[in-house]
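Me: Please take a close look at the sheet in this model. I would like the strand order, the pairing and what packs on it.

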Amino acid sequence: MTDTRTLDRLARAALWLSHWTIHHANHVRPRADGEVKVGGHQASSASMAQIMTALYFHALRPEDRVAVKPHASPVFHAIQALAGNMPREKLERFRGLGGAQSYPSRTKDVDDVDFSTGSVGLGVAATLFASLVQDYLHAKDALRPDWPMGRMVALVGDAELDEGNVYEALQEGWKHDLRNCWWIVDYNRQSLDGVVHEGLWERIEAIFRAFGWRVARLRHGKLQEAAFAEPGGERLREWIEACPNQLYSALTWQGGKAWRARLTEELGDQGDVSALLDRRSDAELAALMANLGGHCMATLCDAFDEAAEDDRPTVFLAYTIKGWGTPLAGHKDNHAGLMNPAQFAEWQREMDVERGAEWDIPADLAAAAKRAPFFARGPRRLEDGAAAVPAIPAPADREISTQAAFGKILDAVAKQGGPLADRIVTMSPDVTVSTNLGPWVNRRGLFDRRERPDTFRDERVPSTQKWAFGPEGQHLELGIAEMNLFLALGAAGLSHSLFGRRLIPVGTLYDPFVARGLDALNYACYGDARFLFAGTPSGVSLAPEGGAHQSIASPLIGMSQDGLAAFEPAFADELAIVMGWAFDYLQREGRADEGDWARDAEGGSVYLRLSTRPLEQPGPRGQDFERGVIDGAYWLRPPSPRTGVVIAYQGAIADQAIAAAGRLGDWTGDVAVLAVTSADRLNAGWTASEESHVARLLADVPGHAALVTVIDGHPATLAWLGGVHGHRVRSLGVEHFGQTGTVADLHRHFGIDADGIVRAAKRTMGTRRARSA
């Protein structure tokens, strides 16, 4: 669509409908008891109205994918409503239960959201990694033939550029020769607490140019450019470009008279300049000064058309006014501000919208919106079938750690080949070898769009690693930033929806540093991305390296993170079962039953907490072993009516729990041992139903028995087990930063070795006997 008059009308309609939606939620819709304010960011969304209109109704094509800045959500929903993709009843319930979401959500909004946004900066970087995933699929000729390569577009608030993850992503994009990525910065120069620093635009431009991006500065609209061509116009340009951000905002809010007074005072009686000002009324002068590049439809369309001629990554620095076109424009307090009823009524008259017709969309505009190329093809969510999961055998080693077993299992999958192996893409933040991904990489290679030889091999330097890069490779080597790992996993985990080709992303990182990427992990799960990652080594396994490399809270992260099933197997056969299940779980697209808190039908992502501690592997397993591993626990040694103590453990502390059970048997009779493979799924089942797996497991434990739980992690992970049937429980684990030493030293220090478990059991049993007496 190239008719700028129609585009201007669409922008005006989007501005109106977005602001009416917010006003309706705050001042018209009945307010819940105790609800003070619904909110909706009128000013922050207003500055995006023309930018988004030029994008959605002119520049974009169906194959393009967009991450909308969180505070522009109302304009996004309004644009979708104009195109017929957002029903009125959803807008009427904006920010209410079942209504249009505060920030665009892939899973909770009914309109066409490509990337969820909300936590600032993450949706921006997600587009970069989505572009890399698109290149990965294109290099393998795996994209759908009926969907050409698209651009990954982010609408960026200028304050989002304070987020460090944006710059971590920029560096990763540079390494991987990023293309087909646009970031459009809404440079309104105002944030929640103030106005951005002077000269920030120069730093922004310098950073992007340093990483090879094209920078398109959209500072002036066509009205301003025409004025600059008049006699005296160059002096006006110089004044505008030198004007401090705070002053420009303040004068915008004050209006035409204030502009005239300040320009006359500071430029003086310049003859030509005075004539330029005198030729315009106060209203026309205010319109001229507000005609920045980000509010000029012709300027925006020209810039997008020019950039569309190649695939170079481009950042558009679009100068805008926060609150443009409303009574809030330029005011210091407009970020969370709302037009009051009187202001809104006056603005409604200015917008020429009749009372009672607030939700109406003119038929010609609705038709024009639907004709736009981006919307003409209909739904843009793609699908792809699931890859069959072959049998996943466990390594046959008599003694092995779960981290080593993980590497061997992936190597076996790579060697076997087939659809599953071909869809796996692995990635790691500079710890590929130390997390046992090396064998997979040696078989499947590293990805690059261009062939890059293994120089060490060519120079005949002996090495166990084969580091050749090429389009056939299936490992994406990342820098050390864990945020980038989870953003890349999230982008690859949406490939079936974005690009019509399902990938099985597998990542590894050091378990203590899951917390470094937690915001991006949460973001990926919120967007329903599907991936598997292994955090390793768990607990205090890196004992000689000290507390900063030892994980405490990660089991609780696994339990609390929605959309993520967390496991911590102790033995290789357990891990093989979990990985086979996980490869299927990642690909599920069903609907959960009301009580299915574990979401087995819907599927999700999977977290494996693994260890470098080799353990002697157990012998043959019982009948319900496999089901128990997936549901979260099984009896390694079942209870009896004589059982006095149950030791419940999770992870590589298994050998200490088993040793303690053997020593306690002589003191207290039968000792049962519960092997917990997933406190997350075990707890989820208990939360969902009284007839849960854990309730059935513990039903046979005598009421007088004591539970001792132990994990190389935070003890709260298993402490809740006592609440299932009211058993007395003592929970052992790690609650403080570790220190250097051997693993045995630290297990003893924290009381999670066999001696510590025995002591805890005796104290707990002694307490029970004393109370019974």
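Reply: What follows describes the sheet and its packing. The model is predicted, so local features need pLDDT of at least 70 and side-chain atom pairs count only at pLDDT 80 or more, whereas totals for chains, interfaces and linings use all residues. Residues are numbered from 1 along each chain as its sequence is written, and side-chain values use heavy atoms, with hydrogens and water left out.

The sheet is open and has five strands in the order 1-2-3-5-4, with parallel pairing. Strands here are DSSP runs of E with at least two residues, and helices are runs of H or I with at least four, numbered from the N terminus; two strands pair if DSSP finds at least two bridges between them. Strands of a sheet pair through backbone hydrogen bonds, either parallel or antiparallel. Strand 1 (65-67) and strand 4 (214-218) are at the edges with a single partner strand each, so one side of each has no neighbour in the sheet. On average, neighbouring strands are turned by 15° against each other, direction ignored.

At one edge, strand 4 pairs with strand 5 (residues 314-319) in the parallel sense over five bridges. There, R214 has T314 in strand 5 as its bridge partner. Helix 6 (residues 122-139) packs on the sheet and touches strand 1, strand 2 (152-157) and strand 3 (181-187), contact meaning heavy atoms within 4.5 Å. The direction of helix 6 makes about 165° with that of strand 2; axes are lines fitted to C-alpha atoms, for helices over the stretch in contact, and angles run from 0 to 180 degrees between N-to-C directions.
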